[in-house]
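Work through the exercises below with the sequence and the model open. Try each task before reading its solution.

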Amino acid sequence: MDLQDLMPWLSATALIISLGTSVSTFLTSGAKQNSKKIADLDEAAKALESRVQELETEMRHLPDKDAVHRLELTLKDMSAEIIKIGTSAEQSARTTARVEAYLLEQNKSRA
């Protein structure tokens with residue numbers, strides 16, 4: 001076999017390898033940009049994960065709906081008790097006013 005017979009095949013093979021390398025380079029040129037974008041997104045996801053974890057930790061300290069309901073009931077009971085105390089204080093004030101008026105009358109009648 002002569003080298004001249006192989007030359008067309010060798011040049012076709014070199015051309016195919018050259019074209020394959022060019023296509024490969026063209027297709028992977030965006031990979032660097034994509035890997036940078038993926039790294040940025042990964043960093044943002046980690047930051048969000050940290051923030052969500054912080055919020056979850058803070059939410060554990062807050063009362064749940066049952067605790068709030070119990071507080072509402074307790075405040076309602078306390079309000080009823082305060083109304084009773086206010087009524088009692090008004091009665092005491094009226095009694096004190098009557099005793100004071102009586103004592104003033106007694107003082108005037110002695111003078």
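**Exercise 1.** Find how the side chains of lysine 84 and glutamate 81 meet, and give the N to O distance.

Solution. Step 1: a salt bridge is a side-chain nitrogen of Lys or Arg within 4 Å of a carboxyl oxygen of Asp or Glu. Step 2: between lysine 84 and glutamate 81 the N to O distance is 3.6 Å, and the two side chains meet in a salt bridge. Step 3: both residues belong to helix 2 (residues 65-110), where they are three residues apart, about one turn of the helix. Helices here are DSSP runs of H or I with at least four residues, strands are runs of E with at least two, and both are numbered from the N terminus. Step 4: classify the accessibility, where buried means under 20% relative accessible area, exposed over 50%, and partly exposed in between (1.4 Å probe, protein chains only). Lysine 84 has 54% and is exposed, while glutamate 81 has 43% and is partly exposed.

The model is predicted: local features need pLDDT of at least 70, side-chain atom pairs count only at pLDDT 80 or more, and totals for chains, interfaces and linings use all residues. Residues are numbered from 1 along each chain as its sequence is written, and side-chain values use heavy atoms, with hydrogens and water left out.

**Exercise 2.** State how many salt bridges the rule gives, and describe those in helix 1 that involve aspartate 40 and aspartate 42.

Solution. Step 1: the count is three salt bridges. Step 2: aspartate 40 pairs with lysine 36 at 3.4 Å, N to O. These two are four residues apart in helix 1 (residues 3-61), so about one helical turn separates them. Aspartate 40 is partly exposed at 40%, and lysine 36 is exposed at 54%. Step 3: aspartate 42 pairs with lysine 46 at 3.8 Å, N to O. This pair also lies in helix 1, four residues apart, about one turn. Lysine 46 is exposed at 54%, and aspartate 42 is partly exposed at 40%.

**Exercise 3.** Describe the overall form of the protein chain from its secondary structure, radius of gyration and box.

Solution. Step 1: the chain has two helices and zero strands. Step 2: its radius of gyration is 46 Å, whereas a compact globule of 111 residues would have one near 13 Å. The radius is taken over C-alpha atoms, and the globule rule is 2.2 Å times the number of residues to the power 0.38. Step 3: along the principal axes, the C-alpha atoms fill a box of roughly 155 × 30 × 15 Å. Step 4: 1% of the 111 residues count as buried.

**Exercise 4.** Which residues form a nonpolar patch on the surface, and what is their accessible area together?

Solution. Step 1: a patch takes residues with over 30% relative accessible area and no salt bridge; like charges are joined within 9 Å, and nonpolar side chains (Val, Leu, Ile, Met, Phe, Trp, Tyr) within 5 Å. Step 2: the patch consists of Leu3, Leu6, Met7 and Leu10, with about 370 Å² together. Accessible areas come from the Shrake-Rupley method with a 1.4 Å probe; for residues, only the protein chains shown count as cover. Step 3: leucine 6, one of the four, lies in helix 1 and is partly exposed at 34%.

**Exercise 5.** Where is histidine 69 found, and how far is its C-alpha atom from that of isoleucine 83?

Solution. Step 1: histidine 69 is in helix 2 and is partly exposed at 44%. Step 2: isoleucine 83 is 14 residues away along the chain, and the two C-alpha atoms are separated by 21 Å.
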